[in-house]
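Colleague: I'm new to this and would like a close look at one part of this model, the empty spaces closed off inside it. Could you take me through the second largest cavity, then show me how the rest fits around that?

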Amino acid sequence: MINWNDLRHFLAIAREGSVGAAARSLKVNQSTTQRRLLALEKGLGCALLERQGTGYRLTPQGQILLASVINVEAAVDAVQRKVASFDNKDLGPVKVTCLVTVGQRIVKSGLLDTFHARHPGISVELLMEQRLLDLSKGEADIAIRGGKPGSGALVCRKIADVPWGIYASRSFVDQHGRPAGPSDIERFRIIELVDELEGVPAVLWMRSHASQATIAARCANVPSAHLAVKSGAGVAPLPAVYADQDADLVNLLGSLPELNYPMFLVTHKDIRKRPRVNAFFEFCLRELKPVLLRGEMGQSHEESTNDRR
């Protein structure tokens, strides 16, 4: 009888290309992953993966099995979401994922404190990661994320179009001047945003307007890009609500609506009506927009605070 735990270790190695990376993705040690793979291969009577100089490669049998294992994974995820939907408790944790810069705004604004005061039995666990967590796998209950909202299995509500700008440090401007307009950006050194940020409108804009510019650095997250800009390394796109708080930075081109980044509130349809998930989802629909745009809560929060006084 095939054990699903063995299959998921095989799937992780096939995806990651190494036992070490697979173990990290599964949050176990390498010996466990190796043992699970060997148990699966012994039970099937054939090798599914073969070791190469740069990692593991699927054998012909492994290639045949892979698609079916992916289908099993999807079915197991669906069962877990369905079971999670049985949880009708008003109290308990809600896992919310967002990028670090968004999380900073949320924490500083008092949004979580306000929610917890209104719903003392619900605890929001804020998971601030650069990696996009998989809602279908239950890695988080709610996501606050930008870009394309996702698959049809997800419930997505647009919250705001967050302004971005093209920034440099004041020392960089003193030394190199500032662009006369968008077409002039190419003559400056730039800091390129990569990986998860490559689809951000401002990053795409920079790539199209500065395709021949000298790349001074590449950064995979906004805080790293911010530090690179602040050091005087070059010019980079940054979220305005984040960068404008730093007096050492200059918005070189002012407001450019084409750089705006749409932000969404996302959850999986299978858990949308779970009471504690619904409570935070609806709260964010009412209160999150000014936090994303200005880093502070809006009028409805102020009115409710005055009412309590």
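Modeller: Sure, and keep in mind that this is a predicted model. The second largest cavity has a volume of about 50 Å³. Which elements give two or more residues to its lining? Those are β3, running over 92–98, and β5, running over 142–146. Between them, β5 has the largest share of the lining, with three residues.

Now for the residues themselves. If you click along the chain, you'll meet Thr 97, Cys 98 and Leu 99 in the lining, then Glu 129, Arg 131, Leu 132 and Leu 133, and finally Ala 143, Ile 144 and Arg 145. Sort that list by character and you get six nonpolar residues, one polar and three charged.

How do we know where a cavity is in the first place? Rolling a probe the size of a water molecule over the atoms shows where empty space is left. Run over the whole structure, the search turns up two cavities of 30 Å³ or more, so let's visit the other one too.

The largest cavity has a volume of about 100 Å³. Two elements give two or more residues to its lining: α5, at 100–109, and β12, at 261–268. Here α5 gives the most, three residues. The full lining is Leu 99, Thr 101, Val 102, Arg 105, Val 162, Trp 164, Leu 197, Val 222, Pro 239, Tyr 261 and Met 263. Sorted by character, this lining has nine nonpolar residues, one polar and one charged. Look out for Leu 99 as you compare the lists: it lines the largest cavity, and it lines the second largest cavity as well.

Since α5 came up, stay with it for a moment. Are Thr 101, Val 102 and Arg 105 buried or exposed? They're buried, and Gly 103, Ile 106 and Ser 109 in α5 are buried too. Just after α5 comes Gly 110, whose phi is positive, near 85°.

Charged residues turned up in both linings, so salt bridges make a good last stop. The count for the model comes to 15. One of them joins Lys 158 to Asp 161, with the closest N and O atoms 3.1 Å apart. Lys 158 has a relative accessible area of 48%, so it counts as partly exposed, and Asp 161, at 34%, is partly exposed as well.

Another pairs Arg 187 with Asp 184, where the closest N and O atoms are 2.9 Å apart. Which partner is buried, and which is exposed? Arg 187 is exposed, because its relative accessibility is 53%. Asp 184 is buried, because its value is 18%, and buried means under 20%.

Then find Arg 294 and Glu 296, whose side chains meet in a salt bridge at 3.5 Å, N to O. Arg 294 is partly exposed at 47%, and Glu 296 is partly exposed at 42%. Salt bridges can also share partners: Arg 15, Glu 73, Asp 77 and Lys 137 are joined into one network that way.

Notes: Residues numbered from 1 in each chain as written. Predicted model: local features only at pLDDT ≥ 70, side-chain atom pairs only at ≥ 80, totals over all residues. Heavy atoms only, no water. 1 Å grid on protein atoms, 1.4 Å probe; cavity = no way out; pocket = protein on both sides within 12 Å on 5 of 7 lines; lining within 4 Å. Points joined across faces, edges and corners; volume = space filled by probe spheres on them. Helix = DSSP H or I, 4+ residues; strand = E, 2+ residues; numbered from the N terminus. Buried < 20%, exposed > 50% of the residue type's maximum accessible area, 1.4 Å probe, protein only. Salt bridge = Lys/Arg side-chain N within 4 Å of Asp/Glu carboxyl O.
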